[in-house]
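This report covers the strands, the nonpolar core, the salt bridges and the main pocket of one structure. The sequence and the coordinates come first.

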Amino acid sequence: MLDTQATKAPPSLLYMVKQVELVVRSHLDELVRPSGITALQYTALTVLERHDGLSAAQLARDSFVTAQSIADLVRSLENRELVRRERNPRNRRELLILLTDAGRALLARHEEPVRELEERMVRDLTAHQTEQFRQALSRAWHALS
């Protein structure tokens, strides 16, 4: 009798990346739910924390959502006073999205639990392996972007 486990191919890297994404999103949703936001909204806020004053199109790209869904996402965050919009002084037709003090405070409240989640994800890796993992993910992203 053949051992079918030994002959099965390992899961594809795409499948494994998707598994990690889904479990991270699930845990992140649990962490931010008490603040009344979703993991996608949290991601958009962290993008603005790193690059404040983005157009909706750029925020959509950097937050991994469609241009159509960013409008609803921003409106929801704006209604909660976590972001604000103002005219771009260099292009008056364009609105820039900026993080408010309330948005910064929300991110500060979640900084430690999110850091702990990331540490949990890589706890079985050495510091060197974690850095290699980060670099490999970055190269994979650049290869497909």
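S2 and S3 are joined by a hairpin of two residues. The model is a predicted one, and the account below starts from its strands.

**Sheet**

Strand S2 covers residues 83-88 and runs antiparallel to S3, with six bridges between the two. Within this pairing, Arg87 stands opposite Leu95 of S3, and Arg85 stands opposite Ile97 of S3. Strand S3 itself spans residues 91-99, and two bridges connect it to strand S1, residues 54-55, again in antiparallel fashion. On that side, Leu54 has Ile97 of S3 as its bridge partner. Ile97 is thus named in both pairings: it faces Arg85 and it partners Leu54.

Taken together, the three strands make an open sheet with the order S1-S3-S2 and antiparallel pairing. S1 and S2 are the edge strands, and each has a single partner strand, so one side of each has no neighbour in the sheet. In general, the strands of a sheet pair through backbone hydrogen bonds, in either a parallel or an antiparallel way.

**Nonpolar core**

The largest nonpolar core consists of 24 residues, and the members with the most contacts inside it are Ile37, Leu45, Leu59, Leu77 and Val83. At least two residues of this core come from each of H2, H3, H4, helix H5 (67-79), S3 and H6. H3 gives the largest share of the core, six residues.

**Salt bridges**

How many salt bridges does a search of the whole structure find? The search finds nine. Three of them are described here with their N to O distances.

| Pair | Closest N to O distance |
|---|---|
| Glu21 and Lys18 | 2.9 Å |
| Glu118 and Arg134 | 3.7 Å |
| Glu131 and Arg134 | 3.6 Å |

The salt bridge between Glu118 and Arg134 runs from one helix to another. Glu118 belongs to helix H6 and Arg134 to helix H7, so this pair ties together parts that are 16 residues apart in sequence. Glu118 is partly exposed at 42% relative accessibility, and Arg134 is partly exposed at 46%.

Arg134 also forms a salt bridge with Glu131. Here both residues lie in helix H7, three residues apart, which is about one turn of the helix. Glu131 has a relative accessibility of 36% and counts as partly exposed. Arg134 therefore has a salt-bridge partner in Glu118 of H6 and another in Glu131 of H7.

The pair Glu21 and Lys18 likewise sits within a single helix: both residues are in H2, three residues apart, or about one turn. Glu21 counts as partly exposed, with 35% relative accessibility. Lys18 is partly exposed as well, its relative accessible area being 42%.

A network of salt bridges links Glu112, Arg115 and Glu119. Glu119 is located in helix H6 and is partly exposed, with a relative accessible area of 42%. Between Glu119 and Thr130 there is a separation of 11 residues in sequence and 9.7 Å in space, taken from C-alpha to C-alpha.

**Largest pocket**

The largest pocket has a volume of about 2,400 Å³. Its lining is made up of 45 residues, of which Val24, Phe64, Glu118, Met121 and Leu137 are the closest to the pocket centre. Glu118 thus appears both in this group and in the salt bridge with Arg134.

Which helices each supply at least two residues of the lining? They are helix H2 (13-32), helix H3 (39-50), helix H4 (56-63), helix H6 (101-121) and helix H7 (127-144). H2 contributes the largest share of the lining, 12 residues. By residue class, the lining divides into 25 nonpolar, eight polar and 12 charged residues.

**Elements shared by core and pocket**

Helices H2, H3, H4 and H6 are among the elements that each supply at least two residues of the core, and they are also among the helices that each supply at least two residues of the pocket lining. The largest share of the core comes from H3, whereas the largest share of the pocket lining comes from H2.

Key:
Residues numbered from 1 in each chain as written. Predicted model: local features only at pLDDT ≥ 70, side-chain atom pairs only at ≥ 80, totals over all residues. Heavy atoms only, no water. 1 Å grid on protein atoms, 1.4 Å probe; cavity = no way out; pocket = protein on both sides within 12 Å on 5 of 7 lines; lining within 4 Å. Points joined across faces, edges and corners; volume = space filled by probe spheres on them. Helix = DSSP H or I, 4+ residues; strand = E, 2+ residues; numbered from the N terminus. Nonpolar A, V, L, I, M, F, W, Y, C, P; charged D, E, K, R; others polar. Pairing = 2+ DSSP bridges. Salt bridge = Lys/Arg side-chain N within 4 Å of Asp/Glu carboxyl O. Buried < 20%, exposed > 50% of the residue type's maximum accessible area, 1.4 Å probe, protein only. Core = buried A, V, L, I, M, F, W, Y, C linked by side-chain atoms within 4.5 Å.
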